[in-house]
Amino acid sequence: MQCDYFASCASCTLHNMTYDEQLTFKIDREKDRFKDLIDFSKIPLDIIKSKESNFRNRAEFRIWWEKDESLQKDVLSYAMNDFNKNILQINSCSIVSPKIAKLMPKILEELQKNMILSFRLFAIEFLSSSTDDILITLIYHKKLEDEWISLAKTLETKFNIKIIGRSKKQKIVLSKNYIEENLNIENKHFRFNYEENGFTQPNTEVNIKMIEWVLKNIEESNKDLCELYCGGGNFTIPLSTKFQKVLATEISKTSIKSALKNCELNNISNIEFIRMSAEDFVQALNKVRKFNRLKDINLDNYNFSTIFMDPPRSGLDDTTRNLAKDFENIIYISCNPETLHRDLKELIKTHKVLKFALFDQFAYSNHIESGIILKRK
């Protein structure tokens, strides 16, 4: 990948390597990390690669003003941190999607022309889909008035995008607060709405391959699936085609709202979503406590065979980890190999590892995601 800011912008920490070199570095590191728990001569490591450039469909940039003496005026630019945590002014980014990359300079030019749109603008967030639907959020340190709304609507129409304005105690949605996404997963089409400020996978192509990896490595079941940390249904909806029923939990109101809408878009009727933390759900399942939000759901009606978990970086708490051991099959997607290693130490006491994969969602960074499938011994 060619980038004008390699070795300067701290976003790409592995800037001194080619794509294959940085991927090999991460593979070797994780093999070494998990070698005490997994025999890689018997369980090959599946590798899901990223595109080498323009792979991110979600990005955020700070906005920076600086005096241009030659022009005798303040000039607007995007900004990231450099490796010393100082401001680095940029005018392009090679890891964002082609749609975002093309739009970035055009939006900056329009903002530069108008002080009402640019004054006290702090940051811009971009969210795009493979269908070229795009939403930008303009984040300010000022109150947004009617004149801002009028000008932002003109910008929205000019570039055929969606715009949201945010400031303290303000959120102004000019048209819609989501983008529309169509994913082709194992030759089946799935529709999703991704809401602004909700969690989405940043690398669409790797996300599709992650879902396909799970589907390929599990069998169709006449039993039920329990999912914790389901988000907006990214895995839930495709996985529902493999099970009789699915019960999925998530703590975020925004994500639950998106998940319900995404079920509707795909005509899926065998999923129940409940807004609960994983810890509360464990207590409900073990009948330790009763929860009003479960008044219309009888947990005894579920015949679970499999649990699917995609926890935050902190991994599983002790209670949830112990719950997982009660299931015949465990599917664990991790965004933090350190906490996965910790959790796997406990899970392999009752389960054996069948499949292990690395997903390179964040190329040129030290970060890598992983997936593991286990079956009770």
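In this predicted model, strand E9 (residues 178-185) shows a clear alternation of side chains: Ile179, Glu181, Leu183 and Ile185 point to one face and are buried, whereas Tyr178, Glu180, Asn182 and Asn184 point to the other face and are not buried. Such a pattern is expected of a regular strand, in which the side chains alternate between the two faces of the sheet. The partner of E9 is strand E10 (residues 188-195), and the two pair in the antiparallel sense over eight bridges. Within this pairing, Ile179 stands opposite Tyr194 in E10. E9 and E10 form a hairpin with two residues between them, and Glu186 in the turn has a positive phi of about 50 degrees.

A further sheet is open and consists of eight strands in the order E1-E16-E17-E15-E14-E11-E12-E13, with mixed pairing. Its edges are strand E1 (45-48) and strand E13 (271-275); each has a single partner strand, so one side of each is left without a neighbour in the sheet. On average, neighbouring strands of this sheet are turned by 15 degrees against each other, direction ignored. One parallel pair in the sheet is formed by strand E11 (residues 224-228) and strand E12 (residues 246-250), joined by three bridges. Glu227 has Ala248 of E12 as its bridge partner.

Helices pack on this sheet. Helix H5 (residues 204-216) touches E1, strand E14 (304-309), E15, strand E16 (351-359) and strand E17 (369-376), and its direction makes about 160 degrees with that of E16. Helix H8 (residues 278-285) also packs on the sheet, where it touches E11, E12, E13 and E14; the direction of H8 makes about 140 degrees with that of E11.

The loop between strand E15 (329-334) and helix H10 (337-347) contains Cys335. An unreviewed UniProt entry places the feature "active site" at this residue, Cys335. Cys335 counts as buried because its relative accessibility is 15%, the cut-off for buried being under 20%. Leaving aside residues up to four places away in sequence, Cys335 touches Pro311, Pro312, Arg313, His367, Ile368 and Glu369.

Attention now turns to helix H4. H4 (residues 146-159) has 14 residues and reaches 20 Å from its first C-alpha to its last, close to the 20 Å expected at 1.5 Å a residue. Its buried residues are Trp148, Ala152, Leu155, Glu156 and Phe159. These residues lie on the same side of H4 because they cover an arc of only 100 degrees around the axis. The face turned away from that buried side carries the exposed residues Asp146, Glu147, Thr154, Thr157 and Lys158. The cover over the buried residues of H4 includes helix H2 (98-113), helix H3 (115-118), strand E6 (134-140), strand E7 (162-167) and strand E8 (170-173). H4 is followed by Asn160, which has a positive phi, near 55 degrees.

Strand E6 leads to Leu138, which lies in it. Leu138 is buried, since its relative accessible area is 0%. Beyond the four nearest places in sequence on either side, Leu138 touches Leu121, Ala123, Ile124, Trp148, Ile163, Ile164, Gly165 and Arg166. Trp148, one of these contacts, is also among the buried residues of H4. By contrast, Leu138 and Phe40 are 98 residues apart in sequence and 47 Å apart in space, C-alpha to C-alpha.

Technical notes
Residues numbered from 1 in each chain as written. Predicted model: local features only at pLDDT ≥ 70, side-chain atom pairs only at ≥ 80, totals over all residues. Heavy atoms only, no water. Helix = DSSP H or I, 4+ residues; strand = E, 2+ residues; numbered from the N terminus. Expected span 1.5 Å × (residues − 1). Buried < 20%, exposed > 50% of the residue type's maximum accessible area, 1.4 Å probe, protein only. Arc of directions from axis to C-beta. Contact = heavy atoms within 4.5 Å. UniProt positions renumbered as here; feature names shortened; annotations may be inferred. Pairing = 2+ DSSP bridges. Axes fitted to C-alpha atoms, helices over the stretch in contact; angles between N-to-C directions.
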